[in-house]
Amino acid sequence: MTLSATTPALETRGLTIRFGGHVAVNDVSCRFTPGTLTAIVGPNGAGKTTYFNLISGQLRATSGQVVVAGEDITGLPASARTRRGLGRAFQLTNLFPQLTALENVRLAVQSRADAGWSMFKVWNGRRDLIEKAEGILERVRLADKRHIAPKALSHGDQRKLEVALLIAMEPKVFMFDEPTAGMSVDEVPTVLELIHDIKQRGDATVLLVEHKMDVVRSLSDRIIVLHNGTLVADGEPAQVIASPVVQEAYLGLEAARV
Amino acid sequence: MSTSPSFALALPFDETRRRGGFFSTILSSDMPRSRVLSIILLTILLLLAATPFLFSGSQPVSTAAKICVFVVLVASYDLLLGYSGIVSFAHTMFFGIGGYGIAIALERMGPTWSSAAIGLLSALVLSALLAVAIGLLSLRVRAIFFSMITLAVASAAAVLASQLSDVTGGEDGLSFQLPPALRPAFRLLSEPLFGTAVNGRLLAYYLVFFVSLVVFLILLRIVNSPFGRVLQAIRENEFRAEALGYRVVAYRTAASVISALAATVAGALMALWLRYNGPDTTLSFSIMVDILLMVVIGGMGTMYGAVIGAALFVLAQSYLQVLMSAGSTALAGIPLLPDLIHPDRWLLWLGALFIVSVYAFPGGIVGRLRQAKQ
């Protein structure tokens, strides 16, 4: 199925999750169109990561739907959502700590190539998968660290590897959860460049949870604001940042500090 | 964190380069990667291949056959424990199913090859079904619950085998006749070869040897396949593997089934060699503990560890008592010492050996040898 400009790559309809009496995400309906980078902002505890978890399948919604390219995937487990084109980089680095960087990416490439059930071939006989993984490591500037395991990589390199895994999955929707969190200042531009690069190539749909307003301002085409689990603002970056509700709910604090 | 070379886990060689060659193909590109390890493995292989011609008497050959069977059994368990990170206590159940499959079929349907084939096939089917059932029911829950469920199922199977004495022979087990070609009276060659009679017993040994070798090489291939790599990824980070699009429950269940099938073949070989199967030879929980020890001593997550662990352990089981009895006699007259190494204390010394080896080689013998090379 080809996506017309009007079919959203991803849509949430009335997405809600309750933990006991607490409503972490409350009736969030939103459409994400191809070729757009949407930043999701909001104070800590606003439900941004929970919203991501509901979309990518780590959590099951209490009510509401997740729709990818017109297909309702609310009932599917995370692995099936991944195979339908949802790609997610995690906030806390989430890799295979003992395997080499190359093997981390190769596993993602292998999943994309649907080669996981091959039992009687030797894994390194699939040169194509290895070469593709090497190419992606080069793209994220980790080629020289291909034989190092993540547990021995710096935090910034681990984040880059996380992005590499996401690129390897070739998703239709890229979801970044605070990709620059905990990074040193000189490492941030590389990751932002990578995200910018993903946005430039093809018509990827990119969702980005980010705290740093300068990053949001420079990368995003659109900003949505979550507050106490509810969507409170949605629109062009300049317009959203200027709106009183955002100034009060979230940016006011930041502005006061800066 | 520093990325200085001391922290870098750089590999001693580039494993992504596919090397041609006969050995690389046979060993699925998973070379021993240590000269000492290669020599040890080659020695074990050659000794096992030549045992009937090197040693006289029936005990050495029986020990060699038992090593062959346990190499398969331990390797198949390592596929679960070392490669997939699944702790199962039901492995002897599948071992037992293989043994009973052969025993019941040969006893009931007569000593022919076709009854052996039917027995083995039914055992394989039963094992596969049980492994799928246990896997689908419990591999989606937490690891500890899976272990408990396997423990319960294995105990139930052991009770069932001892209670259904009409079928299984109960505690006494089943003795049966082998097909004529595997009986001692059968002569393939009229003249002895290198001083050894080429009879059915010799054929039975080589049947055990070659089937074990082939099953081991298949397991080695599976752990080095794209599938095997997924198992290791799941062991490392199950959550991430799922997020990459791998259906974790399906992969784990498949690993359980493969492991169960190999254990079933091992049980069938054990029964064929002993011409007997009973609770104590294949089904007892003490065998489960032995398997665990062999995997850990040899090195988890390395198929070659199964070879070394099984060889060492079975040899110790068979000959430690003999050795200790000799030592005890030699030290007669000295106080305490003869008592300490009295043959009845062999389990104590085996336990001590185990503790020392786990302390000295946390990665098992294979892990230690490969590390020494770096």
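Which residues touch the most other members of the largest nonpolar core? To find them in this predicted model, select A:V105, A:A164, B:V71, B:V74 and B:A310, which touch the most other members of a core that counts 185 residues. Then colour helix α11 of chain B, residues 248-274, since this helix gives the most to the core, with 18 residues.

**Stop 1: around B:V74**

Keep B:V74 selected and display its surroundings: apart from neighbours within four places in sequence, B:V74 is in contact with B:I291, B:M294, B:V295, B:A306, B:G309 and B:A310. One of these partners, B:A310, is itself named among the core residues that touch the most other members.

**Stop 2: chain B as a whole**

Now select the whole of chain B and show it as a cartoon, where the secondary structure comes to 17 helices and 2 strands. Along the principal axes, the C-alpha atoms of chain B fill a box of roughly 65 × 55 × 50 Å. A compact globule of 374 residues would have a radius of gyration near 21 Å, and the 22 Å of chain B agrees with that. Buried residues account for 45% of the 374 residues in this chain, and among the contacts in chain B between residues at least 6 apart in sequence, 72% join residues at least 24 apart.

**Stop 3: where the two chains meet**

Bring chain A back into view and look at the contact, which takes 31 residues from chain B and 37 residues from chain A. On the side of chain B that touches chain A, the elements that give two or more residues are α8 (200-223), α9 (226-236) and α10 (238-243) of chain B. Of these, α9(B) gives the most, with 6 residues. If you colour this side of chain B by residue character, you will find 15 nonpolar, 8 polar and 8 charged residues.

**Stop 4: the open sheet of chain A**

Hide chain B and select the six strands of chain A that form an open sheet in the order β6-β7-β8-β3-β9-β10, with mixed pairing. At the edges stand β6 (86-89) and β10 of chain A, each with a single partner strand, so one side of each is left without a neighbour in the sheet. Neighbouring strands of this sheet are turned by 20 degrees against each other on average, direction ignored.

Next, add the helices that pack on this sheet. Helix α1 of chain A, residues 48-56, touches β3 (37-41), β6, β7, β8 and β9 of chain A, and its direction makes about 150 degrees with that of β7(A). Helix α6 of chain A, residues 188-200, packs on the sheet as well, touching β3, β7 and β8 of chain A, with a direction at about 155 degrees to that of β8(A).

**Stop 5: strand β7 of chain A**

Is β7(A) mostly covered or mostly uncovered? Select residues 173-177 of chain A, which make up this strand, and you will see that β7(A) is mostly covered, with 5 of its 5 residues buried. A:V173, A:M175 and A:D177 lie on one side and A:F174 and A:F176 on the other, and both faces of the strand are covered.

The partners of β7(A) can be followed residue by residue. Towards β8 of chain A, residues 205-209, the strand pairs in the parallel sense over 5 bridges; here A:M175 has A:L207 as its bridge partner, while A:F174 has A:V206. Towards β6(A), 4 bridges join the two strands, which also run parallel, and A:R88 stands opposite A:M175.

**Stop 6: the hairpin of chain A**

Move to β1 (residues 10-19) and β2 (residues 22-32) of chain A, two antiparallel strands joined by 7 bridges. Within this pair, A:L10 has A:F32 in β2(A) as its bridge partner. The two strands form a hairpin with 2 residues between them, and A:G20 in the turn has a positive phi of about 65 degrees. Strand β1(A) is also joined by 5 bridges to β4 (residues 63-68) of chain A, again running antiparallel, and there A:E11 stands opposite A:V67.

**Last stop: A:G229**

Finally, select A:G229, in the loop between β9 (222-227) and β10 (230-235) of chain A. This glycine is buried, because 23 other C-beta atoms lie within 10 Å. Leaving aside neighbours within four places in sequence, A:G229 is in contact with A:V23, A:A24, A:V25, A:N26, A:A46 and A:G47. The C-alpha atoms of A:G229 and A:G45 are separated by 8.2 Å, although these residues are 184 apart along the chain.

Methods. Residues numbered from 1 in each chain as written. Chains lettered and ligands numbered in written order. Predicted model: local features only at pLDDT ≥ 70, side-chain atom pairs only at ≥ 80, totals over all residues. Contact = placed C-beta atoms within 7 Å. Nonpolar A, V, L, I, M, F, W, Y, C, P; charged D, E, K, R; others polar. Buried ≥ 20, exposed ≤ 12 C-beta atoms within 10 Å, placed from the backbone. Pairing = 2+ DSSP bridges. Axes fitted to C-alpha atoms, helices over the stretch in contact; angles between N-to-C directions. Rg over C-alpha atoms; globule rule 2.2 N^0.38 Å. Core = buried A, V, L, I, M, F, W, Y, C linked by C-beta atoms within 7 Å.
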